[in-house]
Amino acid sequence: MLFRSADVPQFKFDPFWPKPLPEGMVWGAIGSVCVDARDHVFVVTRGIVLPKERGLATAAPPVLEFDDAGNLVRSWGDRNIMAKTQHGCFIDKEGNFWTAGNNDGIVQKYTHDGSKLLLQIGKKGVMDSEDGTETGRGLNASKTSLFKPSNVAIDPGNGDIYVSDGYGNKRVVVFDKTGKFLRQWGRQATQAETDQGVGGVFLAPVHCVVIGNDGLV
């Protein structure tokens, strides 16, 4: 099928969006970006600054929220509570903020403004691995623990929580809206399975999970 140029979205870089951060604050490494129903943009940062910036500036808080004009609306987050390395983020239909960390074992749900932690799946620093550490072999099996999850998506119909548990493990795992395990699929593929297009297996990492408007994952 051929597409006319008018059918293809056109993107233009805006060097003035967003507006500068407050004096003395730097972006550092960025893990993810997600957008809410008001077109507010949430940016997840990792608290890492360049060597030349150390002592001269401080890393931005874990979560920054910008309005559509690029103004910083609020910033929040406690790195002692959140995952060691922030990765994906997601805003559900109720405006709650979800995030996963690919160097930890947790997925978290916060109120829109970050003032309250509403739900946590997994225990910080405890992995679904043979020895419970981030260097152990992934078991790909726990109903309560994760292993370096990368992202999360929420079913708008029933609130089910889909997690791409994919840096240590190789699965998509589904919990109900209370955090109770429902099901999972996926495992590490062999090269032969990859070449043959075998379903239900993944390469490394399982980097993201998205639910389409048609309900497919």
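Proline 18 sits in the segment before strand E1 (25-26), in what is a predicted model. With a relative accessible area of 22%, proline 18 counts as partly exposed, because buried would mean under 20%. Leaving aside residues up to four places away in sequence, proline 18 touches Trp27, Phe66 and Gly70. Here's a quick tour, starting from that proline and moving on to charges, rings and a surface patch.

**Proline 18 and a residue further along**

- Proline 18 and valine 41 are 23 residues apart in sequence.
- In space, the C-alpha atoms of proline 18 and valine 41 are 9.6 Å apart.

**Salt bridges**

- Side chains of opposite charge can pair when their charged atoms come close.
- How many salt bridges does the count come to? It comes to eight, and three of the pairs are worth a look here.
- Arginine 38 and glutamate 65 meet through their side chains in a salt bridge, at 3.5 Å from N to O.
- That pair links distant parts of the chain, 27 residues apart: arginine 38 is in the loop between E2 and strand E3 (41-45), while glutamate 65 is in strand E5 (residues 63-66).
- Is glutamate 65 buried or exposed? Glutamate 65 is buried, since its relative accessible area is 0%.
- Arginine 38 and glutamate 65 also belong to a network of salt bridges, together with Asp36 and Arg74.
- Next come lysine 84 and glutamate 134, whose side chains form a salt bridge at 2.6 Å, N to O.
- Both partners sit in loops: lysine 84 between strand E6 (72-76) and E7, and glutamate 134 between strand E10 (117-121) and strand E11 (151-154). The two are 50 residues apart, so this pair also links distant parts of the chain.
- Lysine 84 is partly exposed at 49% relative accessibility, and glutamate 134 is partly exposed at 32%.
- Then there's aspartate 104 with lysine 124, where the closest N and O atoms of the salt bridge are 3.0 Å apart.
- Aspartate 104 lies in the loop between strand E8 (97-101) and strand E9 (107-110), and lysine 124 lies in the loop between E10 and E11, so the salt bridge ties together parts 20 residues apart in sequence.
- The two partners get different labels: aspartate 104 is buried at 3% relative accessible area, whereas lysine 124 is partly exposed at 31%.

**Aromatic pairs**

- How many aromatic pairs does a search of the whole structure find? It finds seven.
- One of them joins tyrosine 162 and tryptophan 185, with ring centres 6.5 Å apart and planes at 70 degrees. Why is it called edge-to-face? Planes over 60 degrees apart get that name, so 70 degrees qualifies.
- Tyrosine 162 is in strand E12 (residues 161-165) and tryptophan 185 is in strand E14 (residues 181-185), so the pair links parts of the chain that are 23 residues apart.
- Tyrosine 162 counts as buried at 7% relative accessibility, but tryptophan 185 counts as partly exposed at 32%.
- Phenylalanine 175 and phenylalanine 181 make another edge-to-face pair, because their planes are at 80 degrees, and their ring centres lie 6.2 Å apart.
- Both of those phenylalanines, 175 and 181, are buried.
- Ring pairs also link Phe42, Trp76, Phe97 and Tyr110 into a cluster.

**Glutamine 86, a buried polar side chain**

- Glutamine 86 is found in strand E7 (residues 86-91).
- Its relative accessible area is 2%, so glutamine 86 is buried.
- A polar atom of the glutamine 86 side chain lies 3.1 Å from the backbone nitrogen of alanine 83.
- What does glutamine 86 touch, not counting residues up to four places away in sequence? The answer is Gly31, Val44, Thr45, Arg46, Thr99, Ala100 and Gly101.

**A nonpolar patch on the surface**

- Ile30, Val33 and Val35 make a nonpolar surface patch of about 250 Å².
- Valine 35, one of these residues, lies in strand E2 (residues 30-35).
- At 45% relative accessibility, valine 35 counts as partly exposed, because exposed would need over 50%.

Methods
Residues are numbered from 1 along each chain as its sequence is written. Side-chain values use heavy atoms; hydrogens and water are left out. Rings of Phe, Tyr and Trp (its six-membered ring) pair if their centres lie within 6.5 Å; planes under 30 degrees apart count as stacked, over 60 as edge-to-face and the rest as tilted. Helices (H or I, at least four residues) and strands (E, at least two) are DSSP runs, numbered from the N terminus. Buried means under 20% relative accessible area, exposed over 50%, partly exposed in between (1.4 Å probe, protein chains only). Patches are made of residues with over 30% relative accessible area and no salt bridge: like charges are joined within 9 Å, nonpolar side chains (Val, Leu, Ile, Met, Phe, Trp, Tyr) within 5 Å. Accessible areas come from the Shrake-Rupley method with a 1.4 Å probe; for residues, only the protein chains shown count as cover. A salt bridge is a side-chain nitrogen of Lys or Arg within 4 Å of a carboxyl oxygen of Asp or Glu. A polar contact is a pair of N or O atoms within 3.5 Å; within protein, one must be able to donate a hydrogen and the other to accept it, and residues adjacent in sequence count only if both atoms are side-chain atoms. Contact means heavy atoms within 4.5 Å.
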